[in-house]
Structures are given as C-alpha cells and as structure tokens.
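Colleague: I should like to go through this structure step by step. Please explain each term when it arises.

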Amino acid sequence: MKKSTIWLLTVLMALTLTGLLYIQIVYMESMMKMRDDQFAEGVRRSLYAVSSLLEQDETKYFLEEDVAEVESSSVYTQYGGTPHLGGVKYSFTTHSGLVGDVTVKADADKIYKLQSDNSSIRDSYNSMRQELQGQYLYQKGIIDDVIINIMNKAADRPIKERADSVALRQYLQKELANNGLDLPFEFAVVSRNGHVYYSSGGFSNSNPANVENSVFVQSLFHNDPPAKKNYLKVYFPSKNKYILSSLKFMIPSFLFTFILLIVFLYTIILAFRQKKITEMKNDFINNMTHEFKTPISTISLAAQMLNDPSVRKSPTMLQHISTVINDETKRLRFQVEKVLQMSMFDKKKGTLRMQDVDANALISNVVSTFRLKVEKYGGHISADFAAEDAIVNIDEMHFTNVIFNLLDNAVKYRNDQRPLDLKITTANIPGNKLRIEISDNGIGIKKEDLKKIFEKFYRVSTGNRHDVKGFGLGLAYVNKMIGLMGGTIAAESEFGKGTRFIITLPLLSSDEEADPEKPLTEEKS
C-alpha cells in the first residue's frame, strides 16, 4: 500500500471520528441543558407551592385569632351559654292539606320566649331570620377585618413566626418530591438586604453563593411591602451530579468511541510500521542480492579460468584461483549463515552453549586476529584490560562474533580523512558487572539513526549507497546475542567524530554454576 493511500485513509478516519465525537458532545450538551431546564422548572414550581402554603398558614392564623375573639364576645354569650345548634322543629298543615316542617336554629331560650309570648310561628320565624342575617353580616365583617389585618399587620410579624423552619423544611421536602426531585437540599430565609434570618447547617457551610446555577430564590408573601420583602433560598449541593446521573447512557457511547479511536491509532501505527518493515526488507533483498552476486561472480570467473589449459599448467595460478574460490565460498557461506542465524533465533530454535570464559583473554585473541585488517587500512587498534575480574558465563562462539561484528563495523564506517583509531577497554563496575567499551574515530551516527541501529534490516544512509557492504543484520544480531547472555548493549555517537559501543555483562558469582546448554527463553516482542 502506498504511503499516500495510508495518509488518505488516516485523514478520512480522523475526520469521521472527529465528527462523531463532535455530534456526541453537542448531543450531551443539549441533553444537559434540557435536564437543567427541567430541574429548574421543577424547583420553581415547588418553591411557588411552598410560598402559597405559607400564605395559607398565615391566613389560617389570622382566622383562628379572630374566631377566638368572636367566640369570646359573640352574640350568643348574651344568653348565657353555647347555642343549641339543633334548633326547634315546627310542623304545620296548610289549608290545602299539605304538611310541612320548619326548623328554627337559634338559642332555645329565645325560641321558648317567643313561644311563651303567644307569637305566631311566622312572626317567630321572621324574627329568627333577621337575627341570623345580622349574624351573617357580622361574620362577613369579621372576614373583612381578617383580610385587612393580613394586608396591614402581617408584614409586622417576625419572619420566624410567619415561616417556621420545621414547617418550611417539611413543605420543601413534600413539594420537591411531588415534582420528582428527590435529592438533598439546604435552605435559608433572607431579607431584601441579604440578612440571613435562619438557615440550615449545610447552607452556611457550603457557601452556595459561589456555586453557579445551584441556588434558587423565591419571594415569600407577595403582598408584603417592598421594603419588608423576604426571600427563600434553596441550594442543591448535588445538582450537577444529579443531572449527570441522568446521562449515564452516554458513557458506553463515549467508551466505544474511545476504544474505536485507540484501535484506529494502533492500526495506523501498525500500517506505517509495516510499511517501514516492507521497505527495510526490500533494502535487505537488494543488499543481499548485491552481496551474493559478488562472490558468485568471482567463483564463476575462477571456474572459467580453470577451463583454460594454460592456467591448469601453472601451479602458482592454480593455487591462486583455488584460494580465491575458497575465500569467496567462505564469504558466501558466512552471509547465508548470518541470515539463517537470525531466522533461527526469531523462531526460538537456537541453543546457547554457555560456559565460563575470561573475557579479557577472549577479547585479546580477537584483537590479535583483527589487528592485520586494521593496519591494512593504515589504522591502529589498542586494548586496555583494566578489569581484574573478567570471568563471565557466555557462549564463546557467539560472543566472539559479537566483538568481530563491532570491530568490523568500525572498519567499514571509518573516516577516510584521518587514520582509523580503535580502542577496546574492560573494567569492573558496581553491581558485580563487567563493562566492555569499543570506540572508534569513524564517521559517527546521526541521532535519528542512533536509536534504530539495533533493528533488523536497518542500515544508515551510507550503507544504502552500497559503498559499505552488509544486510543490516550485524547490530541486530549483536543486540540479540548480548541480551540472551544476560547483558545489555548501548551506543553513543557524535556525527563526524566517532562511535562508542558499551557492553555490560554480569560477572560469574562464586557460588554460581554454569549451565553447559542454556535454551533460549526470549520473549518475542
């Protein structure tokens, strides 16, 4: 897949996910606003109902007060007691034979007095009606007085009497529950100037003035003069949590979108990584073709020369051709083994033959062998074995290959402007470990390449021009072998000045016994 196609799919998926997230966020904001409006409307209805109940309580208070006064100075007391509410029942018959009943509800003594005065029933009834009408007009006047008292005197009563805190809390709980708002609240009654007459404990401690949209205000007793107005403030500490709880169904949607986003990002990363691996493998195939082509061509040319009778008659020439064929065959076999070796270790089929080895002695032998190659290019190699304890448990063959690979890289990437200078040092470091450093004064490695040099098939730009031979497997092999032997390897480099490789291996403890054959236990990343 082309990189442009991957980028196109990335942009399309990014726009799709962004649009999806935007729609979800807008929908959630709309839902929260709607729920907030519903909450506010329910609270306003509840507070208005509470205010009406308080006004009804006040009206009841004044009515009871005036009724008490009426009972103490009523017209009934003129007759020395409580009226006989049952009244007196009269039966009569008209001239046409119709029978009827009349009940006179009044004081029995007055009825008796009227009867004793030989008054007619009609006169008695009319007299009672006039008296009852007078009582009605009197009671109507009492009600008018109650209304006047409420208008003129109610505002002068202490607010704590007009709006009892216990009754106020009960009214609030009842009306909020009626509107489906079953959540904790705090309240306070304040004056027009903000003076708090009384409040619940939570209202004072929460400082609701700093909480936006969580405090609701309702005026009490609408007919009070403006200067004597009082207000009920109700604060809901868990309002936001209550509203968000109604949007729980949105959580799975956001969760699935987030998972989709993670999968999308991971897929894009894998696509680019796969693209990079494909490019590296293509480079590897090109380099491998080039590396194999040279020895094969040389062997083919030598074989053609052997067909020449004059060459076969010359022992010196025959010996030379034989040496060339042998060297190129070894070179070809070495390249093939390197590729097969990496494949074998990737599939966890390799076996390390671990043994106790003196690293100083092993490195000294490698340096002696490699010295001729360094001097061939006019360079110099030196070793400083400062480690007093250099016994490590390693695979001798693979460790030798590791040192050879690092030295060979130093020669390949030498700087032609100055003589090659190779240094190898060993030292003991804290933690019972051996430190091995291999440094050179070559062309160095750029920072962007330095962190990738241990990856398979990766080669710096110089190698891609084929002025340096290789598959990009050498340092990957080195990193894998050192890791399997229980050590670590790091690289430090300054472009144009040189490179230093640092190997750290655990020293063999006195009570540790080496395992002659250690199977690989590498985890595949």
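Colleague: About how much area does the protein chain expose, and what share of it do carbon and sulfur atoms supply?

Modeller: This is a predicted model, in which local features need pLDDT of at least 70 and side-chain atom pairs count only at pLDDT 80 or more, whereas totals for chains, interfaces and linings use all residues. Residues are numbered from 1 along each chain as its sequence is written, and side-chain values use heavy atoms, with hydrogens and water left out. Accessible areas come from the Shrake-Rupley method with a 1.4 Å probe, and for residues only the protein chains shown count as cover. The protein chain exposes about 32,000 Å², and the share from carbon and sulfur atoms is 56%.

Colleague: What percentage of the residues in the protein chain is buried?

Modeller: Buried means under 20% relative accessible area, exposed means over 50%, and partly exposed lies in between (1.4 Å probe, protein chains only). Of the 525 residues in the protein chain, the buried ones make up 34%.

Colleague: How many helices and strands does the protein chain have?

Modeller: Helices (H or I, at least four residues) and strands (E, at least two) are DSSP runs, numbered from the N terminus. By this rule the protein chain has 15 helices and 15 strands.

Colleague: Is helix α15 largely enclosed or largely open?

Modeller: Helix α15 covers residues 474-484, and 9 of its 11 residues are buried. Among them are Y477, K480 and M481. Because of this count, the rest of the structure leaves α15 largely enclosed.

Colleague: Which residues does L172 contact, leaving aside its neighbours within four places in sequence?

Modeller: L172 is found in helix α5 (residues 165-178) and is buried, with a relative accessible area of 0%. Its C-alpha atom is 7.2 Å from that of L47, although L172 and L47 are 125 residues apart along the chain. Contact means heavy atoms within 4.5 Å. With those neighbours left aside, L172 is in contact with L47, V50, F185, F187, L232 and V234.

Colleague: How many aromatic pairs does the structure hold?

Modeller: Rings of Phe, Tyr and Trp (its six-membered ring) pair if their centres lie within 6.5 Å; planes under 30 degrees apart count as stacked, over 60 as edge-to-face and the rest as tilted. The number of aromatic pairs in the structure is 9.

Colleague: Why is the pair of F187 and Y198 called edge-to-face?

Modeller: The ring centres of F187 and Y198 are 6.5 Å apart. F187 belongs to strand β3 (residues 186-191) and Y198 to strand β4 (residues 196-199), 11 residues apart. F187 is buried at 3% relative accessible area, and Y198 is buried at 14%. The pair is edge-to-face because the ring planes of F187 and Y198 stand at 85 degrees.

Colleague: Which helices hold F370 and F404?

Modeller: The rings of F370 and F404 have centres 5.9 Å apart and planes at 65 degrees, so this pair is edge-to-face. F370 is buried, with a relative accessible area of 5%, whereas F404 is partly exposed, at 27%. The pair ties together parts 34 residues apart in sequence, because F370 lies in helix α11 (residues 359-376) and F404 in helix α12 (residues 396-412).

Colleague: Over which ring does the charged end of R414 sit?

Modeller: A charge sits over a ring if NZ of Lys or CZ of Arg is within 6 Å of the ring centre and within 35 degrees of the ring normal. The charged end of R414 is 4.0 Å from the centre of the ring it sits over, which belongs to Y377.
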